[in-house]
Amino acid sequence: MERGMMEEQNQMVSKRKLRVCVATCNRADYSKLAPIMFGLKAHPESFELEVMVLGSHLIDDYGNTFRMIEQDDFDVSSKLHTIVRGEDEAAMVESVGLALVKLPDVLQRLRPDILVVHGDRFDALALATAAALMNIRILHLEGGEVSGTIDDSIRHAITKLSHYHACCTRSAEQHLIAMCEDHSRILLAGCPSYDKLLSPTKNNHLDTIHTWLGDTVQENQYIVALQHPVTTDIQGSIKIYGLMLDALISFNKMTLILFPNIDAGSKGMVRVMRVKGIEQHPNFRAMKHIPFEQFIQLVAHAGCMIGNSSCGVREAGAYGTPVINLGSRQTGRETGENVLHVRDADTHNKIYHALELQFGKRYPCSKIYGDGNAVPRILKFLRSIKLDEPLQKSFCFPPVKEAFSQDIDHILETQCALAVDLGGTNLRVAIVSMRGKIMRKYCKPNPKTYESRIQLILSMSQDAIQDAVRLNCRILGVGVSTGGRVNPQEGVILHSTKLIQEWSSVDLRTPLSDALHLPVWLDNDGNCAALAEKKFGHGQGVENFVTIITGTGIGGGIVHHHELVHGSTFCAGELGHIMVSLDGPECMCGSRGCVEAYASGMALQREAKRLHDEDLLIMEGMELKKVEAVSAVHLISAAQQGNAKAQAVLKTASTALGVAVVNILHMTNPSLVILSGVLASYYQSPVQDVISQRALASSQGIKVVTSDLEEPALLGAASMVLDYTTRRSC
């Protein structure tokens with residue numbers, strides 16, 4: 001009887017709404033908490049939302065930012081004045097004590113099932129301490145991260161007090177597990193602010209720029225500055241702040257500067273700002289607060305962001321905005337390639353030089369901190385919490401590696417690439433897993449014009465991204481393989497092959513990255529074939545090897561000391577244009593005697609047509625339909641049936657390719673030659689023979705093998721993405 005009543009009570013608890021209290025202390029944490037609050041409010045059948053406001057939200061000098069919460073139409077359940085003014089170390093301690101005195105009454109009145117706290121602020125530490133001592137479950141956002149200074153200590157202390165964790169990155173998840181937190185209570189959600197950053201917006205960013213900076217200021221022509229104190233080095237913070245302001249004055253660009261937060265040292269920084277006349281300077285607009293939606297638009301379209309705000313190393317990366325991070329406050333954070341660290345910002349000139357390097361550049365967008373789906377994950381996580389399970393935390397000691405391997409869905413979800421191959425005939429897109437499995441492939445004819453080609457790439461890529469969700473694959477980035485000469489550092493196609501029209505001096509990285517919100521890498525098809533072999537084929541673990549593509553043209557890539565060789569002008573690996581004769585047939589590059597003019601599919605087709613026109617190709621038993629074009633296949637077939645003329649052509653082609661390979665062996669001395677493409681199996685044995693006859697004795701034993709990969713261009717494009725993410729996470 002008693003057991004039945006207990007079960008009935010448990011069922012009633014599980015069916016009732018979950019009362020969630022979200023506590024926000026300042027403008028920065030509200031930008032992360034607001035998306036969750038909107039999500040909770042949108043599901044009144046499951047959640048009852050209570051909002052607690054405290055900290056610097058309620059201080060006039062910091063913009064009275066509680067008003068933006070009210071403007072977002074949230075009912076504030078409680079406002080707590082918890083800040084003791086002074087902006088020094090003692091004031092921070094007193095503020096924590098004041099909050100601890102006031103919080104018990106509020107928490108007893110609200111009686112939340114879950115308290116949501118964010119980050120690493122001293123206000124959040126007070127919240128977590130009070131809730132833990134009052135047996136209230138705590139969900140902590142952004143635990144497990146490493147940023148440096150006292151923030152790390154506070155963040156990890158909150159982690160130990162919290163019962164559940166929603167973290168932003170895989171490294172943060174690993175850190176939480178290494179800190180003995182229960183893996184079943186950790187959610188890898190991503191940052192909630194990214195849900196807003198990556199969602200389509202109708203806001204006119206120029207209107208926002210003009211509102212805050214003036215009508216004459218355009219995008220990419222201004223700087224956003226936001227520097228906070230480092231509480232473990234207050235005097236150093238004030239000095240760096242002054243040097244930053246001096247550098248910005250000298251750099252002479254319009255600058256939007258926000259006041260620092262309320263940490264110890266902020267009063268000294270504001271004093272420096274006023275001594276230098278920043279608030280009256282014509283090149284500066286000094287603001288206490290800007291609504292997050294508008295602020296992030298200003299960051300997205302800035303020529304540069306400077307300071308030590310977490311926004312620079314987190315949210316700015318989603319837009320590829322160049323960032324200069326000053327001092328030690330954020331140096332432990334994971335960052336995209338858009339962040340330039342100036343850790344010892346001890347001179348005006350050093351900061352000025354960093355501005356010269358970064359201002360006006362654009363970088364691939366980064367999704368290290370989220371993919372735009374954090375809030376749905378967090379709401380689902382909250383629904384899964386069972387209020388009848390024990391409140392007492394149980395600490396675990398799982399090896400991080402084992403925790404990784406337990407969830408195959410997670411492995412698949414986080415390690416996939418979108419591969420694009422631009423061929424002379426077809427445009428192909430594929431979803432490729434970390435093991436080189438092509439999960440889905442798409443193929444359409446390659447358009448003839450630039451505009452049509454860009455539109456088709458975007459359309460096919462967006463379709464693939466949608467399919468990836470259904471396949472439980474998370475796309476980490478986009479890799480592009482294309483014919484011609486490519487600058488992979490800038491993401492620009494310099495010169496294309498004649499087969500791909502309107503495809504020279506093309507910045508391909510920017511439109512793809514902007515539209516897909518993914519980082520983009522590209523290289524030419526020959527280099528991609530070598531990268532595919534390096535990651536998935538015969539080149540795995542081989543320090544020095546060469547890949548040669550034998551298809552419509554001749555191309556390839558050189559791997560030396562495990563790295564792809566690009567050369568000073570990005571034309572290393574143009575193996576098809578090794579000259580094997582001084583006066584040979586004309587090549588498509590405009591020169592004569594290139595190996596491509598002898599051994600490529602186009603060269604063999606040319607010779608086949610010549611023999612056919614002279615009635616010297618077709619042997620007895622061979623057929624050629626009237627509508628069928630003569631090709632290299634017919635030449636090889638004729639040679640196999642004993643046609644002496646066809647055999648002579650193929651011998652010349654094989655010898656030319658073999659001589660080119662010998663030249664490669666003598667220049668780069670690889671330990672392996674990999675032939676790829678439709679003609680690879682035919683050329684393997686003849687090329688090996690030429691090496692044994694013509695190479696130096698020390699090179700005659702080098703093996704020639706044919707590739708086992710069916711899609712080297714797509715796999716190579718994918719490997720650029722997968723290798724980069726692997727390096728970054730190690």
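Here are five short exercises with worked solutions on this predicted model.

## Exercise 1: Getting your bearings

Find how many helices and strands the protein chain has, and what share of its residues count as buried.

Solution. Start with the secondary structure: the protein chain holds 26 helices and 26 strands. Next, turn to burial: 56% of the 730 residues count as buried. For the overall dimensions, the C-alpha trace spans about 100 × 80 × 50 Å along its principal axes. Finally, look at the contacts with a separation of 6 or more: 67% of them are between residues 24 or more positions apart.

## Exercise 2: Looking for disulfides

Work out how many disulfides the structure holds, using Cys168 and Cys365 as test cases.

Solution. Let us begin with the total, which is zero disulfides. Take Cys168: its nearest cysteine sulfur belongs to Cys191 and is 4.5 Å away. A disulfide needs sulfur atoms within 2.5 Å, so that pair does not qualify. Now take Cys365, where the nearest cysteine sulfur, that of Cys311, is 15 Å away. Cys365 is therefore in no disulfide either, given the cut-off of 2.5 Å. As a last step, check burial: Cys168 has a relative accessible area of 4% and is buried, and Cys365 is buried too, with 3%.

## Exercise 3: Helices α5 and α6

Describe how helix α5 and helix α6 are arranged, and which residues meet between them.

Solution. First locate the two helices: α5 covers residues 122-133 and α6 covers residues 149-161. Their axes come within 9 Å and cross at roughly 20°. Since angles under 35 degrees count as roughly parallel, α5 is roughly parallel to α6. The crossing of this pair is left-handed. Then list the residues: from α5 come Phe122, Ala124, Leu125, Ala128, Thr129 and Ala132, and they meet Ile154, Ala157, Ile158 and Leu161 of α6. Sorted by class, the contact has nine nonpolar residues, one polar residue and no charged ones.

## Exercise 4: Helices α18 and α19

Do the same for helix α18 and helix α19: at what angle do their axes cross, and is the crossing left-handed or right-handed?

Solution. Helix α18 runs over residues 450-470 and helix α19 over residues 509-516. Their axes come within 11 Å and cross at roughly 35°. The handedness of the crossing is right-handed. On the α18 side, Ile454, Ile457, Leu458, Ser461, Gln462 and Ile465 take part, while α19 supplies Pro511, Leu512, Ala515 and Leu516. By class, this contact has eight nonpolar, two polar and no charged residues.

## Exercise 5: Two residues and their surroundings

Decide whether Ala247 and Gln227 are buried or exposed, and say what each one touches beyond its sequence neighbours.

Solution. Ala247 sits in helix α10, residues 234-251. Its relative accessibility is 0%, so Ala247 counts as buried. Setting aside neighbours within four places in sequence, Ala247 is in contact with His348, Ile351, Tyr352 and Leu355. His348 is 101 residues from Ala247 in sequence, yet their C-alpha atoms are 5.5 Å apart.

Now for Gln227, which lies in the loop between β8 and α10. Gln227 has a relative accessible area of 2%, so this residue is buried. Not counting residues up to four places away in sequence, Gln227 touches Ile240, Tyr241, Met244, Pro260, Met269, Gly307, Asn308 and Leu326. To finish, look at Arg85: 142 residues separate Gln227 and Arg85 along the chain, and their C-alpha atoms are 20 Å apart.

Key: Residues are numbered from 1 along each chain as its sequence is written. This is a predicted model: local features need pLDDT of at least 70, side-chain atom pairs count only at pLDDT 80 or more; totals for chains, interfaces and linings use all residues. Side-chain values use heavy atoms; hydrogens and water are left out. Buried means under 20% relative accessible area, exposed over 50%, partly exposed in between (1.4 Å probe, protein chains only). Axes are lines fitted to C-alpha atoms, for helices over the stretch in contact, and angles run from 0 to 180 degrees between N-to-C directions. Helices (H or I, at least four residues) and strands (E, at least two) are DSSP runs, numbered from the N terminus. Angles under 35 degrees count as roughly parallel, over 145 as roughly antiparallel, 65 to 115 as roughly perpendicular and the rest as oblique. A crossing is left-handed if the near helix is turned anticlockwise from the far one by less than a right angle, and right-handed if clockwise. Contact means heavy atoms within 4.5 Å. Ala, Val, Leu, Ile, Met, Phe, Trp, Tyr, Cys and Pro count as nonpolar, Asp, Glu, Lys and Arg as charged, and the others, Gly among them, as polar.
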